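Visitor: I'm new to this one. Could you take me through a single part of it, up close?

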Amino acid sequence: MNTFNARIYKADSPFYEGKLESLIIPTNDGYYGVKALHRNLVIAIVPGIMKYRLPDETEFRTAAVSEGMIRIEDGDVLILVNTAERPEEIDAEKARARAEEAREIMLQKKSIQEFYTAESTLRRAMARLKVRESHDIS
């Protein structure tokens with residue numbers, strides 16, 4: 001299978017640097033897939049689940065990501081996100097608490113900005129829980 005160079009950076013450190021066979025990222029319009037020889041583009045990433053497959057592996061690895069962006073240029077992929085967490089790095093209890101806090105803020109009907117911030121927090125918390133729970137099943 002063809003591969004492409006990928007660099008995935010979270011705000012405080014590199015998350016992954018190397019070859020990938022496939023990548024799936026969350027966007028405003030749903031999930032977006034990337035393979036080798038993809039056309040050039042820049043697109044926003046929203047909080048959700050990122051899936052990526054390393055060369056010679058059959059299963060996708062998963063990570064919970066926050067907002068950010070992806071740039072594909074001449075076969076190289078650069079992803080910049082505020083946070084990216086592997087399943088084993090996620091504290092499920094903390095994620096549940098953040099989800100509940102976000103739900104409460106959304107119900108309080110404060111400003112539209114507070115609502116959107118809480119909605120983003122809720123999406124991130126739910127993605128973290130899904131990634132963590134999928135790892136617990138394995």
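Guide: Let's follow one strand and its partners, then glance at a separate sheet. This is a predicted model, where local features need pLDDT of at least 70 and side-chain atom pairs count only at pLDDT 80 or more, while totals for chains, interfaces and linings use all residues. Residues are numbered from 1 along each chain as its sequence is written, and side-chain values use heavy atoms, with hydrogens and water left out.

Our strand is β1, residues 4-10. Strands here are DSSP runs (E, at least two residues), numbered from the N terminus. One face of β1 is covered, with Phe4, Ala6, Ile8 and Lys10; Asn5, Arg7 and Tyr9 make up the uncovered face.

Now for the neighbours. Two strands count as paired if DSSP finds at least two bridges between them. Strands of a sheet pair through backbone hydrogen bonds, either parallel or antiparallel. With β2 (residues 13-20), β1 pairs in the antiparallel sense, over seven bridges. A hairpin of two residues links β1 to β2, and Phe4 has Leu20 in β2 as its bridge partner. β1 also pairs with β9 (residues 76-81), this time in the parallel sense and over six bridges. There, Arg7 sits opposite Leu78 in β9.

And the separate sheet? That one is open and has five strands, in the order β4-β3-β6-β7-β10, with antiparallel pairing. Its edge strands are β4 (30-34) and β10 (84-85), each pairing on one side only. β10 is joined to β7 (residues 61-65) by two bridges, running antiparallel, and Ala64 stands opposite Glu85 in β10.

How values were computed: Buried means under 20% relative accessible area, exposed over 50%, partly exposed in between (1.4 Å probe, protein chains only). Helices (H or I, at least four residues) and strands (E, at least two) are DSSP runs, numbered from the N terminus.
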